[in-house]
Amino acid sequence: MDAWYSVLSMVFGYLSALMILAIVLSAMRKTLTDHRTYRRVAREKRQIAYAGELTVRTGGTKKLAAGTVLYIPYEGTLGAAPGCDVVLSVRRLHLRSAFFWVDGNRMHLVPIQRDAIQVDGETLKPGDEAEMLNGAVLTVNGIGMELRIYEDHPGTREKMEDPYVTRARRAQVHKGRGKGIGSIGTAGSKKSRRQKAAENKTQDEA
Amino acid sequence: MPKKREEVYTGRRMRRTEKPPEAAGSVRGKSETAGTDSRGSGKKEKSRLRPEHMTDVRKAAKQVNRNPGQARGGVTAVELASLIRRKPDFPVVLIAVLTAVFETLGLMLAAAHTQQTVGMDSVAMIAVIVPLGLFTSLILPRFLRMDALIMALTNFLCGVGIVTLCTVSPLRGNRQILSYALSLGGMVIACLAVTHLNRYHGVTIFLMIAGIGILVLPLIYGQWNNGAKNWVSMPLLGSFQPSELVKISAVFALAYYFSAHRTLIQMMPALLFSGVCLLILMLQRDLGTALIYYLSTLTVFYVACGNIPLTMLGAVGGVGAAVMGYRMFAHVKVRVAMWRNPWSDPTGGGYQIIQALLAISSGGLFGMGLGQGTPEKIPAYYNDFIFAVICEQFGQIFGVLLLAVYALLLLRTVMLSSRSRHSLTMLLGYGTAAMLGIQTFMITAGVIKLVPLTGVTMPFLSYGGSSLLSCMTMIGIVHGIAGRAQMEAEDGILLKGGIRN
């Protein structure tokens with residue numbers, strides 16, 4: 001039994017080495033193929049990976065010439081650092097200048113530094129929350145970019161918690177102590193969410 | 001010709017619907033209608049998928065499959081369908097089948113080694129573990145949107161651990177099978193929670209409070225064991241290691257409070273939680289786990305904010321804490337000394353590392369065979385040093401490839417996490433990968449004398465219910481992230497009518 005067991009265990013050892021080699025190669029193939037496919041699909045169908053795009057219209061630099069398209073993920077940071085989701089090679093721009101997220105057909109932008117950020121001509125201070133709709137023009141240190149949210153983009157599947165701006169900051173914006181920009185854009189109104197909710201309630205009651 | 005193929009495809013759809021696609025409510029048409037309705041009624045029906053949408057994609061994929069290589073607009077329907085396919089494909093099936101073969105042969109050999117015969121016990125073990133592995137790798141991903149590859153690789157790692165344990169310590173092997181079955185339940189719960197949970201605030205707060213609560217238990221009820229006081233024995237739950245379970249709380253806390261590009265002050269709750277955990281672990285003298293927590297926090301912090309100066313400051317602080325720990329704790333000094341020269345005390349402090357190195361070297365390239373060698377000479381051969389036992393029995397090539405499996409598992413986790421649209425779920429994935437990766441590196445490098453040895457378990461392989469439950473729950477979190485990413489990809493493809501291009 002011992003001799004047979006020794007032979008069998010040795011054979012099993014070789015077999016195990018072959019099996020794990022096959023497993024590693026299969027897993028590697030599957031991982032790489034899947035990754036390549038995803039990248040290709042995301043490149044062709046931007047709405048899978050991106051929510052919209054910013055097209056440079058005015059005041060472009062060498063690295064950011066007019067017509068350059070910057071793709072916007074569903075949330076991220078905007079700044080001069082290469083690690084940002086939207087990298088703007090603009091002089092005197094903070095490494096992380098603002099953060100944003102896309103909710104439905106709106107892009108929310110909150111500056112976190114004192115850069116010259118304007119949305120449709122209105123200057124934003126750090127902590128102000130701007131809701132930009134399709135066609136809104138974002139100006140960062142003199143470079144104007146037009147926003148385009150992809151049509152029928154799915155947005156976030158379910159509205160997750162919104163931890164980006166603290167309650168105190170929101171209250172500040174809504175009470176008008178901050179800049180108080182409710183909604184900016186070609187199709188948007190400048191009413192705060194609370195005002196809109198109150199109006200909707202009145203309409204429902206009517 | 002691409003044009004001809006397009007005609008064939010469109011023709012098939014038109015024949016099926018017998019109306020123009022838009023009028024008949026094609027994928028695009030339906031979604032647009034649903035979107036309009038939902039806007040009107042205020043309901044969120046826009047992102048809901050219907051079964052017929054999936055059928056459309058599958059049929060389109062099947063249709064295009066007949067003419068492989070065709071492309072419409074650069075992306076084939078097959079490629080689109082592959083992103084949202086739930087059915088495991090060939091590599092996953094191959095891995096699952098090979099795992100089943102490995103487990104069956106290994107458990108039969110283990111039974112023959114320990115009992116001199118293949119009895120009912122081994123048949124029962126095979127009857128439990130093999131169907132469980134096949135079910136979770138091939139069938140469960142179809143229903144729960146889990147990532148089949150990650151599941152198959154995890155099952156393989158668990159299988160290797162169980163076969164090794166059944167050979168060197170049958171009683172522990174049997175218990176490990178039970179732990180494996182139970183931890184699969186934890187994995188499914190974590191997967192469902194992450195896939196469907198939208199409000200993380202309450203869950204994170206609860207996990208943080210519960211985590212601190214159970215982490216202090218060993219300080220009150222625990223007993224010193226191998227220089228640490230990190231185990232606790234409860235009347236109903238049995239003995240467990242709280243620091244393993246608190247890893248889940250740490251991952252959630254880090255992801256939640258580091259997500260959404262918060263400021264340093266807004267990140268403070270997670271940093272404080274990590275600090276308190278580290279303090280408690282230092283009091284328990286569980287320095288290996290403390291190091292995992294610390295490095296994971298640093299990794300997630302860097303991923304979240306990309307702030308190199310602050311990360312470097314944290315790293316420097318960690319080095320300072322390590323130096324302080326070296327001067328404060330005697331057993332740390334011993335471990336460092338044994339790492340530098342284990343032969344200075346071959347029968348005392350350096351015994352286990354010397355035995356582990358001898359076991360690895362005696363295994364050679366292809367190993368001594370299952371059940372051969374003398375693994376019991378290594379202290380803690382069933383948990384901390386299981387990698388040395390595997391190298392002795394299966395060989396160094398097998399050991400290196402096993403590390404490759406870990407690397408692929410982590411790579412896949414990172415890839416799936418980077419597809420996530422929310423920074424929270426992305427950081428959950430990165431946190432999980434950091435925890436598992438750092439733990440694997442620390443114990444493997446410790447066993448082969450690359451770094452000083454720390455008393456942590458090898459994920460999925462080592463004996464221990466707490467460790468396995470914690471690791472499988474983290475894998476469940478990754479499955480949840482994968483499921484979420486798949487749902488979002490489905491939305492992106494189907495709502496845009498991507499399959500029709």
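Reader: What is the relative accessible area of E244(B)?
Author: This is a predicted model in which local features need pLDDT of at least 70, side-chain atom pairs count only at pLDDT 80 or more, and totals for chains, interfaces and linings use all residues; side-chain values use heavy atoms, with hydrogens and water left out. Residues are numbered from 1 along each chain as its sequence is written, while chains are lettered from A and ligands numbered from 1 in the order in which they are written. Buried means under 20% relative accessible area, exposed over 50%, and partly exposed in between, with a 1.4 Å probe and protein chains only. E244(B) counts as buried, and its relative accessible area is 2%.

Reader: Which residue meets E244(B) in a salt bridge?
Author: A salt bridge here is a side-chain nitrogen of Lys or Arg within 4 Å of a carboxyl oxygen of Asp or Glu. The partner lies 3 residues apart from E244(B) in helix α12 (residues 242-258) of chain B, so about one helical turn separates the two. The partner is buried too, at 1%. The N to O distance is 3.0 Å, and the residue is K247(B).

Reader: Where in chain B is D89(B), which pairs with K30(A)?
Author: Helices (H or I, at least four residues) and strands (E, at least two) are DSSP runs, numbered from the N terminus. The side chains of K30(A) and D89(B) meet in a salt bridge at 2.9 Å, N to O. K30(A) is buried at 15%, and D89(B) is buried at 19%. The pair crosses between chains, from helix α1 (residues 2-44) of chain A to the loop between α5 (77-84) and α6 (90-115).

Reader: Which residues are linked with D34(A) in a network of salt bridges?
Author: The side chains of R419(B) and D34(A) meet at 3.5 Å, N to O. This pair crosses from the loop between α19 (396-418) and α20 (423-447) of chain B to helix α1 of chain A. R419(B) is buried at 14%, as is D34(A) at 10%. The residues linked with D34(A) are D147(B), R412(B) and R419(B).

Reader: Which strands are the edges of the sheet of 6 strands in chain A?
Author: Two strands pair if DSSP finds at least two bridges between them. The open sheet runs in the order β2-β1-β11-β10-β7-β8, with antiparallel pairing. The edge strands each pair on one side only, and they are β2 (69-72) and β8 (122-124).

Reader: How many residues of strand β1 of chain A are buried?
Author: β1(A) joins β2(A) through 4 antiparallel bridges, with G52(A) opposite I72(A). β1(A) also pairs with strand β11 (residues 143-149) of chain A over 6 bridges, where T58(A) has G144(A) as its partner. Strand β1 (residues 52-58) is largely enclosed by the rest of the structure, because its buried residues number 5 of the 7.

Reader: Which residue of β8(A) is the bridge partner of Q118(A)?
Author: Strand β7 (residues 117-119) of chain A is joined to β8(A) by 3 bridges, and the two run antiparallel. The bridge partner of Q118(A) is T123(A).

Reader: Which residue of β6(A) is the bridge partner of W101(A)?
Author: Chain A also has an open sheet of 5 strands with mixed pairing, in the order β4-β3-β5-β6-β9. Within this sheet, β5 (residues 98-103) and β6 (residues 106-111) pair in the antiparallel sense over 6 bridges. The bridge partner of W101(A) is H108(A).
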